[in-house]
Amino acid sequence: MTREHLIKPLLTAHYPTIAYGKGVFLYDSEGKSYLDASSGAVTAGIGHGVQEIIDAMLAQAQKVSFVYRSQFTSEPAEQLAKRLSDLAPGHDYWSFFVNSGSEATETAMKIAIQYWQEQGVRGKTKVISRRMSYHGITLGALSMSGHVARRRRFIPLLEELPLVAPPYCYRCPFHLEASSCGMACADDLETVIKRIGAEHIAAFIAEPIIGAAGGAVVPPDGYYQQIKAICERHGILMIADEVMTGIARTGAMFGMEHWGVEPDLIALGKGLSAGYTPIAATLAKDHVMEPILAGSKIVMSGHTFSANPQSAAVSLAVLDYIEGRQLAKAAEEKGRCLLQALERVAEGCPIIGDVRGKGLLLGLELVADRAAKTPFAPAVGLTQRLVERAMAKGLLIYPAAGGVEGAGDAVIIAPPLVITNEEIDLLASRLEEAVHEVM
Ligand code: PLP
């Protein structure tokens, strides 16, 4: 056997070789097709092989692909920053472009700390996150993540940051009923702030809808309003990690729009380029930038590829495509249709304990006993088995929540926003078959 050179996620596993993609389908080199019901890692939001994006990519490459941000700015980068500011909740944001969601959340963390430093406040350096959270794999982003399985190996290198209870009504961390809970999960943030002291805390970070660490967990209405009020009361910035929820995925351009909350900082990634090129962004509100503009005038971060015109041009074309076709509205409508289809699948599959999500960011929680909500033992490896069975049937779904304290087994279903009703039916029937085979 010839030796291999590419480090793959699981070194000993066999991965099919991709040949090409079109719409919601991917095709491997042996001609097998896959319905991409997870948009990869919730990324390929407009589907594969879209000609408009390919044209924009080529047009920019013919002008210039790369310039270094400390030497030049570019029209696409300037336009993209302006466009994101116009789109984001409450507007008036600056953009700092990076290459991955991890860099975007880590940059948000750094800007939050710098915001306080520029005002002479040196002790506010901690960022609070939630136990069920994933904000990225780089060390700063991982420090802010509660995802135990992804942290474990690097604990000596990570900062121990405070974690609060997640808004996870299906398995309420306080064992309360949603109708009478008084939003104890939001109050937990205030409890932790008081325990640690607001003078040590720069920011609170949260994914509007918990993705990889929960499987499309939607908080109860009123939760984010309460969180924002707590942050304001204690002088703490609020960071929305919209890496997974941003850019139309949940039926609105930004997840926080569902709750009318304007975060101080926003991290974007994934859907920002719909996977056509690596780009991510940290958005900072005018009032966050003010002390930096009045002080050092430099945001102390940056990467070689930050704000490169090629990625920015692609991202602009993706935004044109999404807005031109009203894909946020489509995500809401198709999402409702897909949710109903998944609920129908769940009726005949007792191992599906919960169907949830918003727009086209949906999740299924898998349980050994539906009435008692008993999770499967980790040794059963149910999520992985389901993901593998689905793939064998030509359906891609995304494993979530594994190895996260307090979370059950879950998968994310998040197809491209352009999915048709017929493709939703096909998705549901392949999923149903796969679930029956692992039951
Ligand atoms: N934040 C959230 C909410 C994510 O879901 C992810 C990735 O799954 C990240 C951050 C990290 O993004 P990336 O993998 O692009 O570094």
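**A note on helix packing, the sheet and the ligand shell**

1. Helices α11 and α13 lie roughly parallel to each other, because their axes cross at roughly 25° and angles under 35 degrees count as roughly parallel. Please bear in mind, as you look through the structure, that this is a predicted model. Helix α11 covers residues 327-347 and helix α13 covers residues 421-438, and their axes come within 10 Å. The crossing of α11 past α13 is right-handed.

2. Which residues make the contact between these two helices? From α11 they are K334, C337, L338, A341, L342, R344 and V345, and from α13 they are N421, I424, D425, A428, L431, E432 and V435. By type, the contact of α11 with α13 holds 9 nonpolar residues, 1 polar and 4 charged.

3. A second helix pair worth a look is α3 (residues 75-87) with α10 (residues 309-324), whose axes come within 8 Å and cross at roughly 40°. That angle makes α3 oblique to α10. Here the crossing is left-handed. On the α3 side the contact uses P76, A77, Q79, L80 and R83, while α10 brings P309, A312, A313, S315, L316 and L319. This contact of α3 with α10 divides into 8 nonpolar, 2 polar and 1 charged residue.

4. Now to the sheet. Seen in order, its strands are β4-β10-β9-β8-β7-β5-β6, which makes an open sheet of 7 strands with mixed pairing. At the edges are β4 (93-98) and β6 (163-164), each pairing on one side only. Strands β5 (residues 126-130) and β7 (residues 201-206) run parallel and are joined by 3 bridges. If you want a spot to zoom in on, V127 stands opposite A203 in β7.

5. How do the helices meet this sheet? Helix α3 packs on the sheet and touches β4 and β10 (280-285), with its direction at about 130° to that of β4. Helix α4 lies across β4, β5, β7, β8 (237-241), β9 (265-268) and β10, and runs at about 25° to β10.

6. Helix α4 also turns up at the ligand: α4 (residues 101-117) gives the largest share of the shell around the ligand, 3 residues. Which of the 16 residues around the ligand come nearest? They are S100, G101, S102, G136 and V243. As for character, the shell around the ligand has 6 nonpolar, 8 polar and 2 charged residues.

Methods:
Residues are numbered from 1 along each chain as its sequence is written. This is a predicted model: local features need pLDDT of at least 70, side-chain atom pairs count only at pLDDT 80 or more; totals for chains, interfaces and linings use all residues. A residue is near a molecule or strand if its C-beta atom, placed from the backbone, lies within 6 Å of it. Helices (H or I, at least four residues) and strands (E, at least two) are DSSP runs, numbered from the N terminus. Ala, Val, Leu, Ile, Met, Phe, Trp, Tyr, Cys and Pro count as nonpolar, Asp, Glu, Lys and Arg as charged, and the others, Gly among them, as polar. Axes are lines fitted to C-alpha atoms, for helices over the stretch in contact, and angles run from 0 to 180 degrees between N-to-C directions. Angles under 35 degrees count as roughly parallel, over 145 as roughly antiparallel, 65 to 115 as roughly perpendicular and the rest as oblique. A crossing is left-handed if the near helix is turned anticlockwise from the far one by less than a right angle, and right-handed if clockwise. Two residues are in contact if their C-beta atoms, placed from the backbone, lie within 7 Å. Two strands pair if DSSP finds at least two bridges between them.
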